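Grab a coffee and pull up the viewer. Here are some exercises, each with a solution that goes step by step.

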Amino acid sequence: MANTEHHDSNMNTRLLPINVENIGKFVFEDPGRHFLGDWTLRLSETGQDAANLLQAAKQLQTSNSPLAFPTETVYGLGADATRTTAVAGIYRAKQRPADNPLIVHVCSLNQLRKLLMPSLDSPGKCTNENLEDPIPAIYHSLISRFWPGPLTVLLPLPRPSPLAPAVTGSLSTFGVRMPSSRLALALIHLANVPVAAPSANVSTRPSPTTATHVLHDLSGRIELIIDGGPCTVGVESTVVDGLADPPVILRPGGVSIEMLRQCSGWENVTVGYKDGVETSTPRAPGMKYKHYSPKARVILVQGPLSLKAVAGYIESAEKIGLAKTRTWIDDDLAVPGKPFLRGFSSQGRSSVFTISRGEAIDLHNNSNGSTINHALQAVGADDRADTIQVSSANLGTNAASIAQNLFSVLRELDLREVEIIFVEAIDEAEGHTAAAVMNRLRKAAELQIQL
(Lines give C-alpha, C1' and ligand atoms only; values in the text may rest on other atoms or scores of the structure.)
Protein backbone atom coordinates (compact mmCIF):
# COMPACT_ATOMS: atom_id res chain seq x y z
CA MET A 1 0.00 0.00 0.00
CA ALA A 2 1.22 3.46 -0.87
CA ASN A 3 0.44 6.54 1.19
CA THR A 4 2.08 9.15 -1.00
CA GLU A 5 0.78 12.70 -1.14
CA HIS A 6 0.69 14.59 -4.46
CA HIS A 7 -0.26 18.26 -4.62
CA ASP A 8 -3.71 18.65 -3.04
CA SER A 9 -4.41 14.89 -3.10
CA ASN A 10 -4.15 12.72 -0.03
CA MET A 11 -5.66 9.41 -1.15
CA ASN A 12 -4.64 6.01 0.08
CA THR A 13 -3.69 4.21 -3.13
CA ARG A 14 -4.16 0.45 -2.81
CA LEU A 15 -2.84 -2.32 -5.05
CA LEU A 16 -5.53 -4.97 -5.54
CA PRO A 17 -4.09 -8.22 -6.96
CA ILE A 18 -6.41 -10.22 -9.22
CA ASN A 19 -5.50 -13.41 -11.09
CA VAL A 20 -8.01 -13.71 -13.93
CA GLU A 21 -7.59 -17.49 -13.93
CA ASN A 22 -9.18 -17.63 -10.48
CA ILE A 23 -12.19 -15.31 -10.84
CA GLY A 24 -14.61 -17.86 -12.25
CA LYS A 25 -15.90 -19.25 -15.54
CA PHE A 26 -16.84 -17.35 -18.71
CA VAL A 27 -19.97 -18.87 -20.27
CA PHE A 28 -20.73 -18.12 -23.94
CA GLU A 29 -24.18 -18.48 -25.47
CA ASP A 30 -22.54 -19.02 -28.86
CA PRO A 31 -19.06 -20.49 -28.34
CA GLY A 32 -18.14 -19.67 -31.93
CA ARG A 33 -18.67 -15.95 -31.33
CA HIS A 34 -17.17 -15.85 -27.84
CA PHE A 35 -17.32 -12.26 -26.53
CA LEU A 36 -19.04 -10.93 -29.67
CA GLY A 37 -22.13 -12.91 -28.68
CA ASP A 38 -24.00 -12.98 -25.40
CA TRP A 39 -21.94 -14.16 -22.46
CA THR A 40 -21.91 -14.16 -18.68
CA LEU A 41 -19.47 -14.76 -15.86
CA ARG A 42 -20.00 -17.34 -13.13
CA LEU A 43 -17.92 -15.98 -10.29
CA SER A 44 -15.90 -18.30 -8.12
CA GLU A 45 -17.30 -18.65 -4.61
CA THR A 46 -13.88 -19.34 -3.15
CA GLY A 47 -10.64 -17.40 -3.07
CA GLN A 48 -9.94 -13.67 -2.92
CA ASP A 49 -9.66 -12.89 -6.63
CA ALA A 50 -13.40 -12.89 -7.36
CA ALA A 51 -14.07 -10.84 -4.22
CA ASN A 52 -11.45 -8.30 -5.27
CA LEU A 53 -13.00 -8.06 -8.73
CA LEU A 54 -16.45 -7.40 -7.24
CA GLN A 55 -14.95 -4.69 -5.03
CA ALA A 56 -13.37 -3.00 -8.06
CA ALA A 57 -16.60 -3.23 -10.06
CA LYS A 58 -18.53 -1.59 -7.22
CA GLN A 59 -16.04 1.26 -7.14
CA LEU A 60 -16.58 1.86 -10.87
CA GLN A 61 -20.31 2.06 -10.23
CA THR A 62 -20.26 4.37 -7.24
CA SER A 63 -16.97 6.23 -6.77
CA ASN A 64 -15.84 9.48 -8.39
CA SER A 65 -12.22 8.34 -8.04
CA PRO A 66 -11.06 6.44 -11.15
CA LEU A 67 -9.34 3.09 -10.82
CA ALA A 68 -6.47 1.63 -12.80
CA PHE A 69 -6.86 -1.73 -14.50
CA PRO A 70 -4.86 -3.79 -17.01
CA THR A 71 -5.81 -4.29 -20.63
CA GLU A 72 -3.86 -6.16 -23.30
CA THR A 73 -2.36 -2.85 -24.53
CA VAL A 74 -1.51 -0.72 -21.48
CA TYR A 75 -2.99 -0.08 -18.04
CA GLY A 76 -6.09 2.11 -18.26
CA LEU A 77 -7.49 4.67 -15.83
CA GLY A 78 -11.20 3.88 -15.80
CA ALA A 79 -14.39 5.58 -14.72
CA ASP A 80 -18.09 5.23 -15.49
CA ALA A 81 -18.34 6.97 -18.89
CA THR A 82 -21.90 8.11 -18.17
CA ARG A 83 -21.19 10.03 -14.95
CA THR A 84 -19.72 13.52 -15.30
CA THR A 85 -18.19 13.62 -11.82
CA ALA A 86 -16.51 10.24 -12.32
CA VAL A 87 -15.03 11.23 -15.70
CA ALA A 88 -13.79 14.50 -14.19
CA GLY A 89 -11.73 12.40 -11.81
CA ILE A 90 -9.75 10.99 -14.76
CA TYR A 91 -8.74 14.43 -16.02
CA ARG A 92 -7.88 15.57 -12.50
CA ALA A 93 -5.71 12.54 -11.68
CA LYS A 94 -3.86 12.58 -15.01
CA GLN A 95 -3.65 16.38 -15.30
CA ARG A 96 -5.05 15.80 -18.78
CA PRO A 97 -6.04 18.67 -21.12
CA ALA A 98 -9.82 19.00 -21.27
CA ASP A 99 -9.98 18.85 -25.09
CA ASN A 100 -8.21 15.48 -25.28
CA PRO A 101 -11.02 12.92 -25.75
CA LEU A 102 -11.26 9.55 -24.01
CA ILE A 103 -11.83 6.06 -25.38
CA VAL A 104 -14.87 4.17 -24.13
CA HIS A 105 -14.44 0.46 -23.33
CA VAL A 106 -17.32 -2.03 -23.59
CA CYS A 107 -17.61 -5.73 -22.81
CA SER A 108 -20.13 -6.74 -25.48
CA LEU A 109 -21.80 -5.61 -28.69
CA ASN A 110 -25.09 -5.46 -26.81
CA GLN A 111 -23.60 -2.95 -24.37
CA LEU A 112 -22.35 -0.87 -27.29
CA ARG A 113 -25.72 -0.99 -29.08
CA LYS A 114 -27.50 0.10 -25.93
CA LEU A 115 -25.06 2.99 -25.62
CA LEU A 116 -25.72 4.05 -29.22
CA MET A 117 -29.48 3.59 -28.92
CA PRO A 118 -30.54 3.95 -25.28
CA SER A 119 -34.21 3.41 -26.17
CA LEU A 120 -33.47 -0.02 -27.66
CA ASP A 121 -35.63 -2.39 -25.61
CA SER A 122 -34.02 -5.64 -26.76
CA PRO A 123 -30.53 -4.89 -28.06
CA GLY A 124 -29.80 -8.59 -28.37
CA LYS A 125 -32.28 -8.80 -31.26
CA CYS A 126 -30.37 -6.22 -33.27
CA THR A 127 -28.09 -7.97 -35.77
CA ASN A 128 -25.81 -7.00 -38.62
CA GLU A 129 -28.63 -7.79 -41.03
CA ASN A 130 -31.07 -5.56 -39.21
CA LEU A 131 -31.27 -2.04 -40.65
CA GLU A 132 -31.82 -0.73 -37.13
CA ASP A 133 -28.35 -1.79 -36.05
CA PRO A 134 -26.82 1.44 -34.73
CA ILE A 135 -23.28 0.18 -35.42
CA PRO A 136 -22.37 1.51 -38.90
CA ALA A 137 -21.96 -1.25 -41.48
CA ILE A 138 -18.43 -0.05 -42.39
CA TYR A 139 -17.23 -1.44 -39.05
CA HIS A 140 -18.82 -4.89 -39.22
CA SER A 141 -15.86 -6.53 -40.98
CA LEU A 142 -13.39 -4.96 -38.52
CA ILE A 143 -15.39 -5.98 -35.47
CA SER A 144 -15.71 -9.55 -36.71
CA ARG A 145 -11.95 -9.85 -37.19
CA PHE A 146 -10.33 -7.64 -34.55
CA TRP A 147 -12.72 -7.48 -31.58
CA PRO A 148 -12.11 -8.04 -28.83
CA GLY A 149 -8.67 -6.54 -29.35
CA PRO A 150 -6.48 -3.44 -29.77
CA LEU A 151 -8.72 -1.55 -32.22
CA THR A 152 -10.73 1.60 -31.47
CA VAL A 153 -13.44 2.77 -33.89
CA LEU A 154 -14.95 6.23 -34.17
CA LEU A 155 -18.75 6.31 -33.93
CA PRO A 156 -21.34 9.10 -34.20
CA LEU A 157 -22.35 10.49 -30.84
CA PRO A 158 -26.03 9.66 -30.22
CA ARG A 159 -28.44 12.49 -29.46
CA PRO A 160 -29.20 12.73 -26.64
CA SER A 161 -25.94 11.17 -25.53
CA PRO A 162 -25.69 9.04 -22.40
CA LEU A 163 -21.95 9.78 -22.24
CA ALA A 164 -20.54 12.47 -19.99
CA PRO A 165 -19.63 15.50 -22.18
CA ALA A 166 -15.99 15.41 -21.09
CA VAL A 167 -15.58 11.96 -22.69
CA THR A 168 -15.84 13.36 -26.21
CA GLY A 169 -13.99 16.66 -25.78
CA SER A 170 -16.88 18.51 -27.50
CA LEU A 171 -16.62 16.31 -30.61
CA SER A 172 -19.61 14.87 -32.47
CA THR A 173 -18.00 11.41 -32.38
CA PHE A 174 -16.50 9.14 -29.75
CA GLY A 175 -13.99 6.30 -29.80
CA VAL A 176 -14.90 2.85 -28.50
CA ARG A 177 -13.24 -0.55 -28.29
CA MET A 178 -13.73 -3.97 -26.75
CA PRO A 179 -10.48 -5.04 -25.03
CA SER A 180 -9.33 -8.62 -25.31
CA SER A 181 -8.07 -8.74 -21.72
CA ARG A 182 -10.43 -11.08 -19.90
CA LEU A 183 -9.81 -9.24 -16.67
CA ALA A 184 -10.87 -5.94 -18.27
CA LEU A 185 -13.94 -7.55 -19.84
CA ALA A 186 -14.96 -9.14 -16.54
CA LEU A 187 -14.58 -5.82 -14.71
CA ILE A 188 -16.74 -3.94 -17.23
CA HIS A 189 -19.31 -6.76 -17.27
CA LEU A 190 -19.72 -6.77 -13.49
CA ALA A 191 -19.80 -2.96 -13.26
CA ASN A 192 -22.42 -2.97 -16.05
CA VAL A 193 -21.34 0.47 -17.25
CA PRO A 194 -19.30 1.63 -20.25
CA VAL A 195 -15.85 2.58 -18.99
CA ALA A 196 -13.95 5.67 -20.20
CA ALA A 197 -10.25 4.91 -19.88
CA PRO A 198 -7.09 6.62 -21.14
CA SER A 199 -3.69 5.25 -20.13
CA ALA A 200 -3.13 5.25 -16.36
CA ASN A 201 -0.23 7.69 -16.22
CA VAL A 202 0.36 11.39 -15.71
CA SER A 203 -0.23 13.11 -19.07
CA THR A 204 2.80 13.25 -21.42
CA ARG A 205 4.61 10.44 -19.52
CA PRO A 206 5.29 6.97 -20.97
CA SER A 207 2.24 4.73 -20.80
CA PRO A 208 2.21 2.16 -17.97
CA THR A 209 2.46 -1.55 -18.73
CA THR A 210 2.64 -2.76 -15.11
CA ALA A 211 0.82 -1.87 -11.91
CA THR A 212 4.13 -0.60 -10.50
CA HIS A 213 4.32 1.97 -13.32
CA VAL A 214 0.84 3.20 -12.39
CA LEU A 215 1.73 3.41 -8.71
CA HIS A 216 4.82 5.47 -9.54
CA ASP A 217 2.76 8.06 -11.44
CA LEU A 218 -0.58 8.09 -9.64
CA SER A 219 0.08 7.14 -6.02
CA GLY A 220 -1.95 9.53 -3.89
CA ARG A 221 -4.07 10.60 -6.89
CA ILE A 222 -6.35 7.54 -7.13
CA GLU A 223 -7.68 5.00 -4.66
CA LEU A 224 -7.32 1.67 -6.43
CA ILE A 225 -4.97 -0.09 -8.84
CA ILE A 226 -5.83 -3.59 -10.03
CA ASP A 227 -2.62 -5.58 -10.38
CA GLY A 228 -3.25 -8.14 -13.10
CA GLY A 229 0.34 -8.53 -14.22
CA PRO A 230 2.17 -6.99 -17.20
CA CYS A 231 0.41 -6.04 -20.43
CA THR A 232 1.08 -8.21 -23.45
CA VAL A 233 0.92 -5.70 -26.35
CA GLY A 234 2.62 -2.68 -24.80
CA VAL A 235 1.35 0.08 -27.10
CA GLU A 236 -2.12 1.56 -27.25
CA SER A 237 -4.87 0.53 -29.66
CA THR A 238 -5.09 1.50 -33.31
CA VAL A 239 -7.75 4.20 -33.80
CA VAL A 240 -9.69 4.31 -37.09
CA ASP A 241 -12.38 6.54 -38.56
CA GLY A 242 -14.68 4.66 -40.93
CA LEU A 243 -17.09 7.61 -41.10
CA ALA A 244 -14.64 9.36 -43.43
CA ASP A 245 -14.35 8.50 -47.13
CA PRO A 246 -11.92 6.89 -47.58
CA PRO A 247 -11.49 5.53 -44.03
CA VAL A 248 -8.44 6.79 -42.13
CA ILE A 249 -6.13 5.64 -39.37
CA LEU A 250 -5.98 8.32 -36.67
CA ARG A 251 -3.47 6.51 -34.45
CA PRO A 252 -1.30 3.47 -35.23
CA GLY A 253 -1.33 0.61 -32.76
CA GLY A 254 -1.75 -3.12 -32.42
CA VAL A 255 -3.61 -3.51 -35.75
CA SER A 256 -1.56 -2.54 -38.80
CA ILE A 257 -2.67 -0.84 -42.01
CA GLU A 258 -1.94 -4.06 -43.92
CA MET A 259 -4.32 -5.98 -41.66
CA LEU A 260 -7.03 -3.34 -42.04
CA ARG A 261 -6.78 -3.41 -45.83
CA GLN A 262 -7.69 -7.09 -45.84
CA CYS A 263 -11.18 -6.21 -44.53
CA SER A 264 -14.19 -5.38 -46.70
CA GLY A 265 -14.62 -1.62 -47.13
CA TRP A 266 -11.10 -0.88 -45.84
CA GLU A 267 -9.05 -1.68 -48.93
CA ASN A 268 -8.22 2.01 -49.44
CA VAL A 269 -7.71 3.06 -45.81
CA THR A 270 -5.22 5.92 -45.51
CA VAL A 271 -2.97 7.35 -42.79
CA GLY A 272 -4.52 10.38 -41.11
CA TYR A 273 -2.07 11.00 -38.29
CA LYS A 274 1.20 12.87 -37.87
CA ASP A 275 4.09 11.59 -35.80
CA GLY A 276 4.69 15.03 -34.31
CA VAL A 277 2.45 17.14 -32.11
CA GLU A 278 -0.64 18.46 -33.90
CA THR A 279 -2.19 21.85 -33.19
CA SER A 280 -5.77 21.36 -34.43
CA THR A 281 -8.64 19.92 -32.38
CA PRO A 282 -7.81 16.24 -31.84
CA ARG A 283 -10.18 13.72 -33.44
CA ALA A 284 -8.79 10.93 -31.28
CA PRO A 285 -6.57 10.52 -28.19
CA GLY A 286 -2.85 10.89 -28.74
CA MET A 287 -3.06 13.26 -31.72
CA LYS A 288 -2.57 16.78 -30.39
CA TYR A 289 -0.33 16.79 -27.34
CA LYS A 290 3.16 15.57 -26.56
CA HIS A 291 2.98 12.00 -25.38
CA TYR A 292 5.03 9.08 -24.08
CA SER A 293 7.92 11.26 -22.87
CA PRO A 294 10.22 10.37 -19.97
CA LYS A 295 11.84 13.14 -17.95
CA ALA A 296 15.08 12.61 -19.87
CA ARG A 297 15.65 14.16 -23.27
CA VAL A 298 14.96 11.53 -25.97
CA ILE A 299 17.05 11.44 -29.15
CA LEU A 300 15.84 9.02 -31.83
CA VAL A 301 18.75 7.71 -33.90
CA GLN A 302 18.56 6.25 -37.39
CA GLY A 303 21.80 4.44 -38.12
CA PRO A 304 24.80 2.81 -36.40
CA LEU A 305 25.93 3.76 -32.92
CA SER A 306 29.38 5.16 -32.20
CA LEU A 307 30.90 7.46 -29.60
CA LYS A 308 32.03 9.86 -32.32
CA ALA A 309 28.51 10.03 -33.74
CA VAL A 310 26.76 10.85 -30.47
CA ALA A 311 29.52 12.83 -28.76
CA GLY A 312 28.24 16.22 -29.83
CA TYR A 313 24.81 15.53 -28.38
CA ILE A 314 25.97 14.46 -24.93
CA GLU A 315 26.73 18.07 -23.97
CA SER A 316 26.96 18.44 -20.15
CA ALA A 317 25.20 15.18 -19.32
CA GLU A 318 26.78 13.03 -16.62
CA LYS A 319 24.37 10.13 -17.17
CA ILE A 320 23.03 8.92 -20.52
CA GLY A 321 20.87 5.97 -21.55
CA LEU A 322 20.83 3.64 -24.54
CA ALA A 323 17.64 1.90 -25.68
CA LYS A 324 18.83 -0.71 -28.15
CA THR A 325 16.88 -2.80 -30.65
CA ARG A 326 18.56 -4.94 -33.31
CA THR A 327 22.05 -3.76 -34.20
CA TRP A 328 23.48 -1.61 -31.42
CA ILE A 329 25.81 -3.18 -28.87
CA ASP A 330 27.54 -1.56 -25.90
CA ASP A 331 30.96 -1.99 -27.53
CA ASP A 332 29.85 0.46 -30.24
CA LEU A 333 30.74 3.21 -27.77
CA ALA A 334 34.30 1.96 -27.43
CA VAL A 335 37.22 4.18 -28.37
CA PRO A 336 39.23 2.26 -30.99
CA GLY A 337 42.26 0.54 -29.46
CA LYS A 338 41.41 1.41 -25.84
CA PRO A 339 39.93 -0.63 -22.97
CA PHE A 340 36.19 -0.35 -22.61
CA LEU A 341 33.26 -1.16 -20.36
CA ARG A 342 34.83 0.41 -17.29
CA GLY A 343 32.89 -0.43 -14.16
CA PHE A 344 30.49 -2.69 -16.07
CA SER A 345 27.60 -3.98 -13.95
CA SER A 346 24.08 -5.26 -14.40
CA GLN A 347 21.16 -3.44 -12.78
CA GLY A 348 17.71 -4.82 -13.52
CA ARG A 349 17.08 -4.75 -17.26
CA SER A 350 20.02 -2.38 -17.77
CA SER A 351 23.78 -2.76 -17.93
CA VAL A 352 25.75 0.16 -16.51
CA PHE A 353 29.27 1.28 -17.45
CA THR A 354 31.25 4.48 -17.87
CA ILE A 355 32.95 6.24 -20.76
CA SER A 356 35.58 8.98 -20.66
CA ARG A 357 34.38 12.53 -21.29
CA GLY A 358 37.87 13.47 -22.44
CA GLU A 359 37.96 10.67 -25.01
CA ALA A 360 34.55 11.70 -26.31
CA ILE A 361 35.78 15.30 -26.68
CA ASP A 362 38.91 14.12 -28.50
CA LEU A 363 36.88 12.02 -30.91
CA HIS A 364 34.54 14.89 -31.56
CA ASN A 365 37.38 17.36 -32.19
CA ASN A 366 39.10 14.93 -34.57
CA SER A 367 36.01 14.28 -36.69
CA ASN A 368 36.89 16.49 -39.65
CA GLY A 369 33.95 18.18 -41.28
CA SER A 370 31.57 16.89 -38.66
CA THR A 371 28.14 18.49 -38.67
CA ILE A 372 27.64 17.63 -34.98
CA ASN A 373 27.24 20.71 -32.75
CA HIS A 374 30.17 21.86 -30.64
CA ALA A 375 28.47 21.86 -27.25
CA LEU A 376 30.55 18.96 -25.96
CA GLN A 377 33.85 20.83 -26.24
CA ALA A 378 32.44 23.63 -24.14
CA VAL A 379 31.64 21.33 -21.22
CA GLY A 380 35.07 19.85 -20.69
CA ALA A 381 35.47 22.18 -17.74
CA ASP A 382 36.89 21.04 -14.41
CA ASP A 383 33.47 21.13 -12.74
CA ARG A 384 32.14 18.35 -14.95
CA ALA A 385 32.66 14.68 -14.14
CA ASP A 386 35.58 13.06 -15.95
CA THR A 387 33.37 10.11 -16.83
CA ILE A 388 29.89 9.69 -18.24
CA GLN A 389 27.74 6.90 -16.84
CA VAL A 390 25.88 4.88 -19.47
CA SER A 391 22.79 2.79 -18.70
CA SER A 392 22.14 0.43 -21.58
CA ALA A 393 18.89 -1.54 -22.06
CA ASN A 394 17.60 -3.89 -24.74
CA LEU A 395 14.12 -3.21 -26.13
CA GLY A 396 14.00 -6.45 -28.10
CA THR A 397 14.75 -7.75 -31.58
CA ASN A 398 11.29 -7.92 -33.15
CA ALA A 399 8.53 -5.35 -33.36
CA ALA A 400 6.26 -7.16 -30.92
CA SER A 401 8.86 -7.40 -28.15
CA ILE A 402 10.04 -3.83 -28.77
CA ALA A 403 6.46 -2.60 -28.43
CA GLN A 404 5.94 -4.57 -25.25
CA ASN A 405 9.16 -3.27 -23.63
CA LEU A 406 9.27 0.30 -24.97
CA PHE A 407 7.49 2.21 -22.20
CA SER A 408 8.97 0.00 -19.49
CA VAL A 409 12.54 0.68 -20.67
CA LEU A 410 11.95 4.44 -20.93
CA ARG A 411 10.65 4.42 -17.38
CA GLU A 412 13.57 2.33 -16.10
CA LEU A 413 16.10 4.68 -17.66
CA ASP A 414 14.27 7.59 -16.04
CA LEU A 415 14.66 5.89 -12.67
CA ARG A 416 18.40 5.68 -13.40
CA GLU A 417 18.22 9.52 -13.60
CA VAL A 418 19.78 9.66 -17.06
CA GLU A 419 19.62 13.05 -18.72
CA ILE A 420 19.59 11.88 -22.35
CA ILE A 421 18.25 8.67 -23.87
CA PHE A 422 19.53 7.60 -27.29
CA VAL A 423 16.99 5.24 -28.89
CA GLU A 424 17.77 2.98 -31.83
CA ALA A 425 15.07 3.37 -34.49
CA ILE A 426 13.47 0.46 -36.33
CA ASP A 427 12.10 0.20 -39.87
CA GLU A 428 8.42 1.10 -39.66
CA ALA A 429 7.86 -0.49 -43.09
CA GLU A 430 7.99 -3.87 -41.35
CA GLY A 431 4.26 -3.55 -40.77
CA HIS A 432 2.62 -5.08 -37.72
CA THR A 433 3.25 -2.75 -34.71
CA ALA A 434 6.51 -1.28 -36.10
CA ALA A 435 4.72 1.88 -37.28
CA ALA A 436 3.10 2.20 -33.86
CA VAL A 437 6.47 1.94 -32.13
CA MET A 438 8.02 4.63 -34.34
CA ASN A 439 4.97 6.88 -33.90
CA ARG A 440 5.39 6.72 -30.11
CA LEU A 441 9.12 7.31 -30.34
CA ARG A 442 8.74 10.35 -32.61
CA LYS A 443 6.20 11.85 -30.23
CA ALA A 444 8.55 11.23 -27.30
CA ALA A 445 11.70 12.45 -29.05
CA GLU A 446 13.01 15.97 -28.76
CA LEU A 447 15.42 15.36 -31.64
CA GLN A 448 15.79 12.88 -34.49
CA ILE A 449 19.18 12.29 -36.11
CA GLN A 450 20.34 10.28 -39.10
CA LEU A 451 23.83 8.80 -38.80
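**Exercise 1: Rings around F26**

At 11% relative accessibility, F26 counts as buried. Keep in mind that this is a predicted model.

Task: work out how many aromatic pairs there are, and what kind of pair F26 makes with W39.

Solution. Start with the count: there are 5 aromatic pairs. Next, take F26 and W39: their ring centres are 5.6 Å apart and their planes sit at 45°. Planes under 30 degrees apart would be stacked and over 60 edge-to-face, so this pair is tilted. Now place the two residues: F26 belongs to strand 2 (residues 24-28) and W39 to strand 3 (residues 39-43), 13 residues apart, so the pair links distant parts of the chain. W39 has a relative accessible area of 10%, so W39 is buried.

Task: do the same for F35 and W39, then say which residues the ring pairs link into a cluster.

Solution. Here the centres lie 4.9 Å apart with the planes at 85°, so F35 and W39 are edge-to-face. F35 is buried too, at a relative accessible area of 5%. Put together, ring pairs tie F26, F28, F35 and W39 into a cluster. One last thing to look for is R182, which lies over the face of F26, 5.1 Å from the ring centre.

**Exercise 2: An acidic residue in a loop**

Task: find D133 and decide whether it is buried or exposed. Then list what its side chain contacts.

Solution. First, location: D133 is in the loop between helix 3 (109-116) and helix 4 (140-146). Second, exposure: the cut-off for buried is under 20% relative accessible area, and D133 comes in at 10%, so it counts as buried. Third, partners: its side chain makes a polar contact with the side chain of R113 at 3.1 Å. A polar atom of the D133 side chain also lies 3.0 Å from the backbone nitrogen of I135.

**Exercise 3: Strand 4 and its neighbours**

Task: which strands are joined to strand 4, and which way do they run?

Solution. Take strand 5 (residues 75-80) to begin with: 4 bridges join it to strand 4, and the two run antiparallel. They form a hairpin with 4 residues between them. Then there's strand 10 (residues 224-227), joined to strand 4 by 2 bridges and running parallel. A68 is a handy residue to click on: its bridge partner is L77 in strand 5 and I225 in strand 10. Finally, check the faces of strand 4 (residues 67-70): L67 and F69 on one side, and A68 and P70 on the other, are all buried, so both faces are covered.

**Exercise 4: Cores and an enclosed helix**

Task: which residues have the most contacts inside the largest nonpolar core?

Solution. That core has 85 residues, and the ones with the most contacts inside it are Y139 and W147. Helix 6 (residues 182-191) gives the most to this core, with 7 residues. Among the residues that Y139 touches are V153, L154, L155, V240 and W266. Don't miss the second, separate core of 29 residues, which includes V235, L395, I402 and M438.

Task: why is helix 9 described as largely enclosed?

Solution. Count the buried residues in helix 9 (residues 307-314): 7 of the 8 are buried, so the rest of the structure largely encloses it. Those buried ones are L307, A309, V310, A311, G312, Y313 and I314. Just after helix 9, E315 takes a positive phi of about 50°.

Technical notes. Residues numbered from 1 in each chain as written. Predicted model: local features only at pLDDT ≥ 70, side-chain atom pairs only at ≥ 80, totals over all residues. Heavy atoms only, no water. Buried < 20%, exposed > 50% of the residue type's maximum accessible area, 1.4 Å probe, protein only. Phe/Tyr/Trp six-rings, centres within 6.5 Å; stacked < 30°, edge-to-face > 60°. Lys NZ or Arg CZ within 6 Å of the ring centre and 35° of its normal. Polar contact = N/O pair within 3.5 Å; in protein donor to acceptor, adjacent residues only side chain to side chain. Pairing = 2+ DSSP bridges. Core = buried A, V, L, I, M, F, W, Y, C linked by side-chain atoms within 4.5 Å. Contact = heavy atoms within 4.5 Å. Lists of a residue's contacts leave out its neighbours within four places in sequence.
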